[in-house]
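Student: I'd love a close look at the salt bridges, with some context from the parts around them. How many salt bridges does a search of the whole structure find?

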Amino acid sequence: MRKLTSSQRFWISFVLVIPMLIQMLAMPFHWMMPGYNWVALVTTTLIMLVAALPYWTSAWAAFKHHNANMNTLVAIGTTIAYFYSLFAMVTGRPVYFESAAFITVFVLLGDTMEERMHNNASNALKKLLDLQVKNAMVLRDGHFVQVPLDQVQVGDIIRVKPGQKVPVDGVITSGQTSLDESMITGESMPVTKKVGDTVVGSTINGDGAIQFRATKVGQDTMLAQVVEMVKKAQTSHAPIQNLTDKISGIFVPAVLIIAIITFVVWYSFLGATLVQAMLFAVAVIVIACPCALGLATPTALMVGTGRAAKMGVLIKDGQALEEINDIKTVVFDKTGTITVGKPTVTDIVGDPAEVLTVAASLEDNSEHPLAKAVMKAAADKQITPQTVTNFTAVEGKGVQATLNDQQAFVGNDKLLADYQITDDFRQRMADLQDEAKTVILIGLAKKVIGLIAIQDAPKPTSAAAIAALKARGLQTVMLTGDNDRVATAIAKEVGIDRVIANVLPNEKAEHVQALEQDGKVAFVGDGINDAPALTAASVGIAMGSGTDIAIESGSIVLVQNDLRGVVKALDISKKTFNRIKLNLFWALIYNLIGVPIAAGVFVGLGLQLSPEFAALAMAFSSVSVVTSSLLLNKVRIGGSKPATVTQ
């Protein structure tokens with residue numbers, strides 16, 4: 001038989017409890033439903049068997065392991081009310097079947113709210129997977145044919161027309177377009193893509209037609225990995241949950257003892273009848289059910305990790321979300337993390353068109369990284385390389401050739417012995433070198449006509465991200481294998497507090513562990529050589545553009561390759577754990593206030609709770625905790641838009 005959901009059990013119980021609800025509403029008018037006791041017996045028995053049975057099963061399983069859980073209180077409360085009513089019915093006393101029935105209904109109301117929240121989270125992930133297209137246009141035997149998505153293989157050439165979705169991950173081989181990647185990165189602006197750029201499955205193509213080579217298919221695609229990471233994070237166990245479990249483990253036996261004391265005091269010393277004393281005890285048991293306590297952590301974690309995923313920050317587990325809340329230092333790799341990861345032309349001294357024309361003409365066939373930077377700068381300014389003759393490589397100095405019947409050269413300052421250079425150019429070259437930039441000299445007709453400075457430049461958002469981290473009181477450190485001069489220049493440009501340079505890959509983890517002695521450390525990196533440091537840190541944060549091994553080693557992945565994601569992760573963690581603490585506070589305060597009222601301490605002031613109203617109050621405490629967690633979707637995080645609800 002298929003297991004019923006909490007929602008199904010709630011609605012079945014709600015329908016069965018209607019006759020008892022009618023009787024309760026009719027009592028002030030002195031009307032009694034014919035055969036009410038038998039109606040109450042049948043409906044309550046069905047409710048106990050269909051709806052309350054899982055609570056009994058859970059309580060019994062805990063008892064066999066010498067434990068007690070929140071279901072123990074529900075099971076004991078409903079069982080006492082039910083079996084006492086059976087005894088009362090046989091002996092002609094008033095029955096209290098409605099107490100057992102309404103307790104079950106109201107507890108299920110809280111469970112239904114929690115279940116709905118879980119389902120909403122699951123449905124959101126399902127909708128994400130549904131974004132995948134069902135077919136792809138794949139090149140087979142010289143023709144593009146439509147094939148089911150599961151038949152696409154790594155290496156296939158795929159065509160995507162304007163307005164269509166990209167089927168799988170890959171690298172563009174022809175064409176240029178813009179892609180809407182908001183479903184993966186959270187960034188609303190389309191991203192321009194050209195030959196050599198990567199594309200992500202399920203993103204939406206703009207107005208250009210492209211062909212690309214599939215690099216990841218099936219469960220290896222970015223979308224599938226995002227869904228899997230979010231699933232794991234939402235069902236993970238944060239360390240703070242251990243505290244909640246310990247509280248529940250102590251709280252439940254304590255409540256049972258308080259309920260017994262309540263019964264004894266009322267029955268033996270305050271002159272209450274057996275039934276009155278029993279109802280006080282049952283009310284204590286029911287209102288103290290720590291359902292809200294149990295919901296405080298997992299509901300907030302589910303919402304927090306889901307919110308993070310929408311913002312391009314994939315948090316793999318609850319422990320990472322909790323750990324990052326306590327970090328004192330953020331350590332960054334340089335290349336590909338703080339910087340773009342490839343040399344870029346930063347300065348052109350002289351006539352830009354003339355300098356780039358000469359440089360591109362001589363570097364056209366070179367595969368050197370610096371040559372690629374020059375060629376890209378020329379292409380960006382739509383400068384076409386010209387044909388050269390007598391091309392010669394001068395060892396240790398550069399290259400020279402004949403261009404338009406004039407001798408041209410591109411090289412380093414070792415060529416200065418053979419070529420004329422003005423004092424202005426010489427001073428400008430020294431200034432650029434002091435900025436830790438590589439300077440290329442461009443010469444024509446035995447004379448230097450310009451300079452090109454190249455550097456692996458910081459990402460445009462790195463300085464803002466680091467400033468935001470420092471504003472939150474965190475120390476920032478750069479840990480790099482690059483030389484001290486270059487590392488210091490980059491660190492100064494983006495605002496890093498401390499530089500540790502000339503570090504070998506196998507030494508990075510050791511430096512991270514040393515920094516951990518002053519407090520928890522988050523390490524941010526993207527390369528294979530960063531994997532040990534990502535693992536050694538309290539929190540490893542991998543850039544989404546990094547290597548697979550780095551992404552696997554990190555407990556948080558920044559899909560957008562933007563260091564502002566670190567700020568978002570910190571803010572999400574802080575907001576989530578503030579919300580957990582708020583949830584725990586209200587859950588405990590609720591019980592501290594509710595238990596004395598249920599025990600009849602304030603009867604003299606007219607404050608008294610029947611078991612069914614105690615169950616209703618308990619249910620609403622659970623609903624309030626779930627609602628509190630859902631409000632995390634409205635708070636402002638990092639650079640997100642202002643929310644209508646603030647914490």
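Tutor: Happy to! One cut-off first: a residue is called buried when its relative accessible area is under 20%, exposed when that value is over 50%, and partly exposed in between. Keep in mind, too, that this is a predicted model. The search of the whole structure finds 10 salt bridges, and I'll take you through some of them.

Let's start with Asp-571 and Arg-472, whose closest N and O atoms are 2.9 Å apart. Asp-571 belongs to helix α21 (residues 564–598) and Arg-472 to the loop between α16 (462–471) and β18 (475–479), so this salt bridge ties together parts that are 99 residues apart in sequence. With a relative accessible area of 12%, Asp-571 falls under the 20% limit and is therefore buried. Arg-472 has 39% relative accessibility, which means that Arg-472 counts as partly exposed.

The loop that holds Arg-472 leads us to β18, a good place to pause. In β18, 4 of the 5 residues are buried, so this strand is largely enclosed by the rest of the structure. Strand β11 (residues 329–332) runs parallel to β18 and is joined to it by 4 bridges; here Val-330 has Thr-476 of β18 as its bridge partner. Strand β19 (residues 498–500) also pairs with β18 in the parallel sense, over 3 bridges, and Met-478 stands opposite Val-499 in β19. To get from β18 to β19 the chain passes through helix α17 (residues 484–494), giving a β-α-β crossover that is right-handed.

Back to the charges. Glu-323 and Lys-520 form a salt bridge with their closest N and O atoms 2.6 Å apart. This pair links distant parts of the chain, 197 residues apart: Glu-323 sits in helix α11 (residues 318–323), while Lys-520 sits in the loop between α18 (508–515) and β20 (521–525). Glu-323, at 15% relative accessibility, counts as buried, whereas Lys-520, at 29%, counts as partly exposed.

Next come Arg-428 and Asp-347, with 3.9 Å between the closest N and O atoms. If you run your own contact search, note that the salt-bridge cut-off here is within 4 Å. Since Arg-428 is in helix α15 (residues 423–434) and Asp-347 in strand β12 (residues 344–349), the pair ties together parts that are 81 residues apart in sequence. Asp-347 has a relative accessible area of 18% and is buried; Arg-428, at 31% relative accessibility, is partly exposed. This pair also has company: Asp-347, Arg-428 and Lys-437 are linked in a network of salt bridges.

For contrast, here is a part of the surface made by nonpolar residues. Ile-257, Ile-260, Ile-261, Val-264, Val-265, Phe-269 and Leu-270 make a nonpolar surface patch of about 670 Å². Among them, Phe-269 is found in helix α8 (residues 239–269). With a relative accessible area of 63%, Phe-269 passes the 50% limit and is therefore exposed.

Methods
Residues numbered from 1 in each chain as written. Predicted model: local features only at pLDDT ≥ 70, side-chain atom pairs only at ≥ 80, totals over all residues. Heavy atoms only, no water. Salt bridge = Lys/Arg side-chain N within 4 Å of Asp/Glu carboxyl O. Helix = DSSP H or I, 4+ residues; strand = E, 2+ residues; numbered from the N terminus. Buried < 20%, exposed > 50% of the residue type's maximum accessible area, 1.4 Å probe, protein only. Patch = residues over 30% accessible without salt bridge, like charges linked within 9 Å, V, L, I, M, F, W, Y side chains within 5 Å. Areas by Shrake-Rupley, 256 points an atom, 1.4 Å probe, with all protein chains shown as cover. Pairing = 2+ DSSP bridges. Right-handed = clockwise from strand over helix to strand, strands pointing away.
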